[in-house]
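I opened a fresh page for this structure and wanted to look up its ligand and its pockets. The entries below follow the order in which I looked.

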Amino acid sequence: MVRFDTGCPCCNREYYDYEEWLMSGVTVVGHPLVQHKLTLMRETTCSTKSFRQLVNEVGTLLCYEVTRDLPLEKRTIQTPLAEMQAPVIAGKKLVFAPILRAGVGFLDGMLDLVPSARVAHIGLYRDPVTLEAVKYYFKAPADVADRLVILMDPMLATGHSAVAAVKLLKESGARDIRFVCLLAAPEGIEELRCAHPDVKVWTAAIDSHLNDHGYIVPGLGDAGDRMFGTK
Ligand code: URA
């Protein structure tokens, strides 16, 4: 993890323990099924078919974790034997927002759990030279302001795409956003947390660092290419 003696270098915010603040917004999902599937995906021998299937399955498991604290309310229902007060999810409904294209890998797995969720699509590509995120498509539901948005991208690397995606969502009205990924680099966590401190992160692992090309090390390579067989 990146360490600083004083405040955040990108926003000059001062914290007693900066690293503790950064990580207070990050949940590492250590569930054995998630960890096992992630290991299978990391291996170079994992086929495109298996990789795509595993991303889908981990999407379901991460969806379970990111929705763990959704508030419940009681509803009066009638069972075959009696009337009872039973819990249902209260308030805001969900929007799943994959960052194209790799984020799409999580989508079906998440929709399996929450079939009524709306979907926003965010098209960003990474400029190969500057590594900055460039928008080519954005479409979100009109009532995104009233919903919890689960933003998803398997790799939180430089954090540029995640920061840009959150900005686009906020500009369209979203006020409650969570970010889900498979792997995070310390650099990406710092970038996202500093730019959008209100956005919490769920990840299956935090890897060592980024290489000179902005890839996560040890990582799993290019998630989009491995998922869609484009390399
Ligand atoms: N995107 C990927 O697909 N892999 C990385 O390691 C970093 C960004």
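Into how many nonpolar, polar and charged residues does the shell around the ligand divide? I found five nonpolar, two polar and two charged, where Ala, Val, Leu, Ile, Met, Phe, Trp, Tyr, Cys and Pro count as nonpolar, Asp, Glu, Lys and Arg as charged, and the others, Gly among them, as polar.

I noted that this is a predicted model, in which local features need pLDDT of at least 70, side-chain atom pairs count only at pLDDT 80 or more, and totals for chains, interfaces and linings use all residues. Residues are numbered from 1 along each chain as its sequence is written, and side-chain values use heavy atoms, with hydrogens and water left out.

**Entry: the ligand.** I listed the residues around the ligand (a heavy atom within 4 Å of it) as Arg-126, Met-155, Ala-157, Gly-214, Tyr-215, Ile-216, Gly-221, Asp-222 and Ala-223. I then looked up polar contacts, which are pairs of N or O atoms within 3.5 Å. An oxygen atom of the ligand lies 2.8 Å from a backbone N or O atom of Ile-216, and a polar backbone atom of Gly-221 is 2.8 Å from a nitrogen atom of the ligand. For Ala-223, a backbone N or O atom lies 2.7 Å from an oxygen atom of the ligand. Taken alone the ligand exposes 240 Å², and the protein buries 89% of that (Shrake-Rupley method, 1.4 Å probe).

**Entry: the largest pocket.** The ligand takes up the space of the largest pocket, given that more than half of its atoms must lie within 2 Å of the grid points. A pocket here is an open set of points on a 1 Å grid over the protein atoms alone, where a 1.4 Å probe fits, with protein on both sides within 12 Å along at least five of seven lines, and its lining residues have an atom within 4 Å of a point. The largest pocket holds about 630 Å³ of space. Of its 28 lining residues, Arg-126, Asp-153, Ser-161, Tyr-215 and Asp-222 lie nearest the centre. I counted its lining by class as 16 nonpolar, eight polar and four charged residues.

**Entry: the second largest pocket.** Its volume is about 250 Å³, and among its 14 lining residues Ile-89, Lys-93, Leu-94, Val-114 and Ser-116 lie nearest the centre. Its lining divides into eight nonpolar, two polar and four charged residues.

**Entry: cis peptide bonds.** I found one joining Leu-100 and Arg-101, with omega about 5°, and one joining Val-217 and Pro-218, with omega about 0°.

Conventions
Polar contact = N/O pair within 3.5 Å; in protein donor to acceptor, adjacent residues only side chain to side chain. Points joined across faces, edges and corners; volume = space filled by probe spheres on them.
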